[in-house]
Amino acid sequence: MVNRYKVTIEDEVYQVSVESIEEDTPSARPIAPSARTGAPAPRPTAPTAKPTAPTSRPSAKPAVTTGSGKTVVAPLPGNMWKVKTAAGQAVKRGDVLFIIEAMKMENEIFAPCDGTVTSVSVSEGGAVNTGDVLCVIG
């Protein structure tokens, strides 16, 4: 049986098909390299999907909608390398708000919507954990 789903990743919608298999069928067993042929096991491939063209840069995920606006939270733990916004600043969807340094990489956190930053909860040089509130956009 094949089930079809729509999956949304960073505001991009993909259509995927998932096939149900039973554990007793040969295709449900792990594929091992063949000792007789010496050939490596085939690697499973992801189904190809045609994504729609984004209208702007992707937003940092996750962003939580509250009664007073959207709360932007840290998607990963790291150090707050740059704070590029301040309370009262107008922002557009896709603007870089923060840069988190994690594992020697700079990760840009984008505005998920247009609005005005009502509060900023972090400062440069501080540590953040996944899910920590970075700012609120009203």
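Buried means under 20% relative accessible area, exposed means over 50%, and partly exposed lies in between (1.4 Å probe, protein chains only). This is a predicted model, in which local features need pLDDT of at least 70 and side-chain atom pairs count only at pLDDT 80 or more, while totals for chains, interfaces and linings use all residues. Residues are numbered from 1 along each chain as its sequence is written, and side-chain values use heavy atoms, leaving out hydrogens and water.

Q: Why is C113 called buried?
A: Its relative accessible area is 18%, and buried means under 20%, so C113 is buried.

Q: Why does the count of disulfides come to zero?
A: A disulfide is a covalent bond between the sulfur atoms of two cysteines. Here the term stands for a pair of cysteine sulfur atoms within 2.5 Å. By this rule there are zero disulfides. C113 is in none, as its nearest cysteine sulfur, that of C135, is 8.9 Å away. Seen from C135, the closest cysteine sulfur is in C113, and 8.9 Å is too far for a bond.

Q: What makes C135 count as buried or exposed?
A: C135 has 0% relative accessibility, so C135 counts as buried.

Q: Why does Y5 count as partly exposed?
A: Y5 has 43% relative accessibility, and partly exposed lies between the 20% and 50% limits, so that is the class for Y5. Y5 is found in strand β1 (strands are DSSP runs of E, at least two residues, numbered from the N terminus).

Q: Which residues make the nonpolar surface patch?
A: Y5, V7, I9 and V18 make a patch of about 340 Å². Patch residues have over 30% relative accessible area and no salt bridge (a side-chain nitrogen of Lys or Arg within 4 Å of a carboxyl oxygen of Asp or Glu). Nonpolar side chains are joined within 5 Å, like charges within 9 Å. Strand β1 (residues 2-9) gives the largest share, three residues.

Q: Why does V73 count as buried?
A: V73, in strand β4 (residues 69-73), has 6% relative accessibility, so V73 counts as buried.

Q: What is special about phi in M103 and K104?
A: Most residues other than glycine have a negative phi. M103 has a positive phi near 55°, and K104 has a positive phi near 65°. M103 is in the loop between β7 (96-102) and β8 (105-110), as is K104.

Q: Why do M103 and K104 count as exposed?
A: M103 has a relative accessible area of 78% and K104 has 79%; exposed means over 50%, so M103 is exposed and K104 is exposed.

Definitions and conventions: Areas by Shrake-Rupley, 256 points an atom, 1.4 Å probe, with all protein chains shown as cover. Helix = DSSP H or I, 4+ residues; strand = E, 2+ residues; numbered from the N terminus.
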